[in-house]
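Grab a coffee and work through these short exercises with the viewer open. Try each task yourself before reading the solution below it.

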Amino acid sequence: MTAGTPQGASSSGPNAPEPLIEQTIEVAAPVTKVWGLVSDLPRLSQWSPQVVRTVPLGRGAIGQGTRLVNLNRKGLLVWPSQSKVVRFEPEREIAFRVFENHAVWSFTLEATDTGTRIVQRRELPEGLTALSARFTDLLLGGQAGFTADLREGMRLTLERIKAEAERG
């Protein structure tokens, strides 16, 4: 454990998770159109190979503080998680923090001359919880293998969002 890492969190050692994973893609569509896709979190299951379902709790539009129940998968393994939208700046960024592992997932948008740049990130600002680290090591193929899966999943997610945004 390193300074600033909460008790029970994993952030150092030979099998430590990467504190930041990110993928970027250029999309030939305006920010407004791309924002409509990435901020519609229940639609993540259409694009992400890991997300089975995302359900916002409560009524109204998704925004800062919205709580979510998620169902995730890797192969035959399926697990639930809960999260909360922690950053919400329309047409710029949406981020949600997963309670079980402390990961913060985000989409950041930037207008370009040809459309929009999307950056998807998985950050571990507090490290990974010890329980999540054990779960990953025992059931998801270890940190390195699961991180590679996440990176590939992010690439696929962004490609699918790009295809949707650029469609007619």
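**Exercise 1.** Is Val31 buried or exposed?

*Solution.* Bear in mind that this is a predicted model. Start with the number: Val31 has a relative accessible area of 13%. The cut-off for buried is under 20%, so Val31 counts as buried.

Next, find Val31 in the fold: it sits in helix H1, residues 31-38. Now look for what touches Val31, skipping residues up to four places away in sequence: you should get Glu91, Leu109, Glu110, Ala111 and Thr116.

**Exercise 2.** Take Glu91, one of the residues that Val31 touches. Where is Glu91 found, and what is its phi?

*Solution.* Step one: Glu91 is in the loop between strand E5 (77-89) and strand E6 (93-98). Step two: its relative accessible area is 37%, which makes Glu91 partly exposed. Step three: read off the backbone angle, and you'll get a phi near 65°, a positive value in a residue other than glycine. Most residues other than glycine have a negative phi.

**Exercise 3.** Now do the job again for His102: where does His102 lie, and is His102 buried or exposed?

*Solution.* Go to the loop between E6 and strand E7 (104-112), and there is His102. Phi of His102 is near 70°, again positive in a residue that isn't glycine. For the accessibility, His102 comes out at 17%; with buried set at under 20%, His102 is buried.

**Exercise 4.** Describe the largest pocket: how much space lies in it, and which residues are closest to its centre?

*Solution.* Volume comes before the lining: the largest pocket holds about 730 Å³ of space. It is lined by 38 residues, and those closest to the centre are Gln50, Asn72, Trp79, Asn101 and Phe146. Sort the lining by type and you have 17 nonpolar, 16 polar and 5 charged residues. Then sort by element: helix H4 (residues 142-166) gives the largest share, with 8 residues.

**Exercise 5.** Zoom out. How many helices and strands does the protein have, and how does its radius of gyration compare with the globule rule?

*Solution.* Count 4 helices and 9 strands. Along the sequence they run β-β-α-α-β-β-β-β-β-β-β-α-α. The radius of gyration is 16 Å, close to the 15 Å that the globule rule gives for 168 residues, so the protein is as compact as a globular protein of that length. To finish, check the burial: buried residues make up 43% of the 168.

How values were computed:
Residues are numbered from 1 along each chain as its sequence is written. This is a predicted model: local features need pLDDT of at least 70, side-chain atom pairs count only at pLDDT 80 or more; totals for chains, interfaces and linings use all residues. Side-chain values use heavy atoms; hydrogens and water are left out. On a 1 Å grid over the protein atoms alone, a cavity is a set of points where a 1.4 Å probe fits but cannot get out, and a pocket is an open set with protein on both sides within 12 Å along at least five of seven lines; lining residues have an atom within 4 Å of a point. Grid points are joined across faces, edges and corners, and a volume is the space filled by probe spheres set on the points. Helices (H or I, at least four residues) and strands (E, at least two) are DSSP runs, numbered from the N terminus. Ala, Val, Leu, Ile, Met, Phe, Trp, Tyr, Cys and Pro count as nonpolar, Asp, Glu, Lys and Arg as charged, and the others, Gly among them, as polar. The radius of gyration is taken over C-alpha atoms; the globule rule is 2.2 Å times the number of residues to the power 0.38. Buried means under 20% relative accessible area, exposed over 50%, partly exposed in between (1.4 Å probe, protein chains only). Contact means heavy atoms within 4.5 Å.
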